[in-house]
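Visitor: I should like to understand how the terms used for a structure are justified. May we look at one together?
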Amino acid sequence: MPKPLLIDTDPGIDDAVAIALALAQPEVEVIGITTVGGNSGLDHTTRNTLRLLELLDRTDIPVASGASEPYQRQVKAPAAAGVHGHDGFGGVDLPDPVTKIVSTNAADFLAEKIRNSSEPVTLVALGPLTNIAHLVDAHPDVIALIERFVIMGGAARTGNVTPVAEFNIWHDPESAKRVFSSGLEVVMVGLDVTNSLKTYEHLWDWLADAGKFGKAYAKMLGVYTDFYSSFYGERMTHQHDAIAVAEAIWPNCTNPQAAFIDVECDSPLTDGMTVVDVNMRQGQKPNAYVCWSIDGDLFHQRLMTALQNLAKTIN
Ligand code: BDR
Ligand code: CA
């Protein structure tokens, strides 16, 4: 029996890879997707989700849009346009969607899906945590109903937007602080794991013979790889969001350790830093897990096999 999975996301090129992984795996059934502003504005992330589901022949999955603005502050200057392109999808040539969203209130949509699911739901968040902060504010009863909550976000050690802050948390630190203090146990798949694994460009060579799917993903991943190449000097990418989805599908594959995690919101120097304490020196109780590592060969084998199988189903 597949486990029900809800995805909150800001596509985003690595989000597109992560969504495809979730759709391809029989262990989980994606019962809904919500969108948030992050890598690009909410209009783009919602449009990208809908046109991606059309490409993947999965318009049966309901999509709800959520927050365009962070929880308590204004959007900072767009930091991700250079990574994901002006439209969040590297300018990929996918048609405008004809499918419509089912709601503009992601928090209400998520709560309803969580309450009405016959099996406890896993929720995975691949973007800023704005929608999830609104969810725990408006519907605190669902916290106890969520089986596992996995995020791509944060870093115990080194950030990517600043020396200490990771993009998803940095974009909306107050929402992350709210979520970490909400009682919802967070499995934090942060840069400690995702930056440890390089997905070299040659691993995507098969896309050239993978039809419509291959054409779209090759274009997006080409743009994403160009960014990494200019920044890190290597033709590789970090598949941040797919690693978080892997943790959601295969629990403990990223080696979680219990921790107390809080978010810095007041310091200009360390804004958006996830402060991770695995020793509980101040006597706190753990509110989260921090993930440290992944078997890269196994992950790549699972990811590529899943996407190759998915590509074969698409005409
Ligand atoms: C995260 O930020 C975004 O650019 C990616 O989609 C990922 O979710 C990595 O820091
Ligand atoms: Ca993302």
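Visitor: Which helix gives the most to the lining of the largest pocket?
Guide: In this predicted model, α9 gives the most, with five residues. Other helices, including α1 (13–24) and α10 (240–249), each supply at least two residues of that lining. The lining has 24 residues in total, and V83, N160, V161, F167 and F227 lie nearest the centre of the pocket.

Visitor: How do the residues of this lining divide into nonpolar, polar and charged?
Guide: Twelve are nonpolar, seven are polar and five are charged. The pocket that they line has a volume of about 370 Å³.

Visitor: Why is C253 not counted in a disulfide?
Guide: A disulfide requires two cysteine sulfur atoms within 2.5 Å. The closest cysteine sulfur to that of C253 belongs to C291 and is 8.2 Å away, which is too far for a bond. By this rule, the count for the model is zero disulfides.

Visitor: Why is C253 called buried?
Guide: The term applies under 20% relative accessible area. C253 has 19% relative accessibility, and therefore counts as buried. C265, at 14%, is buried as well.

Visitor: What makes D10 a donor to the calcium ion (ligand 2)?
Guide: For calcium, a donor atom must lie within 3.2 Å of the metal. The ion is coordinated by D10, D15, L126 and D241 at 2.3 to 2.6 Å, so these distances satisfy the cut-off. Because D15 lies in helix α1 and D241 in helix α10, the pair ties together parts that are 226 residues apart in sequence.

Visitor: Are D15 and D241 buried or exposed?
Guide: D15 is buried, at 0% relative accessibility, and D241 is buried too, at 2%.

Notes
Residues are numbered from 1 along each chain as its sequence is written. Chains are lettered from A and ligands numbered from 1 in the order in which they are written. This is a predicted model: local features need pLDDT of at least 70, side-chain atom pairs count only at pLDDT 80 or more; totals for chains, interfaces and linings use all residues. Side-chain values use heavy atoms; hydrogens and water are left out. On a 1 Å grid over the protein atoms alone, a cavity is a set of points where a 1.4 Å probe fits but cannot get out, and a pocket is an open set with protein on both sides within 12 Å along at least five of seven lines; lining residues have an atom within 4 Å of a point. Grid points are joined across faces, edges and corners, and a volume is the space filled by probe spheres set on the points. Helices (H or I, at least four residues) and strands (E, at least two) are DSSP runs, numbered from the N terminus. Ala, Val, Leu, Ile, Met, Phe, Trp, Tyr, Cys and Pro count as nonpolar, Asp, Glu, Lys and Arg as charged, and the others, Gly among them, as polar. Buried means under 20% relative accessible area, exposed over 50%, partly exposed in between (1.4 Å probe, protein chains only). Donors are N, O and S atoms within 2.8 Å of the metal (3.2 Å for Na, K and Ca); water is not among the atoms, so sites may look incomplete.
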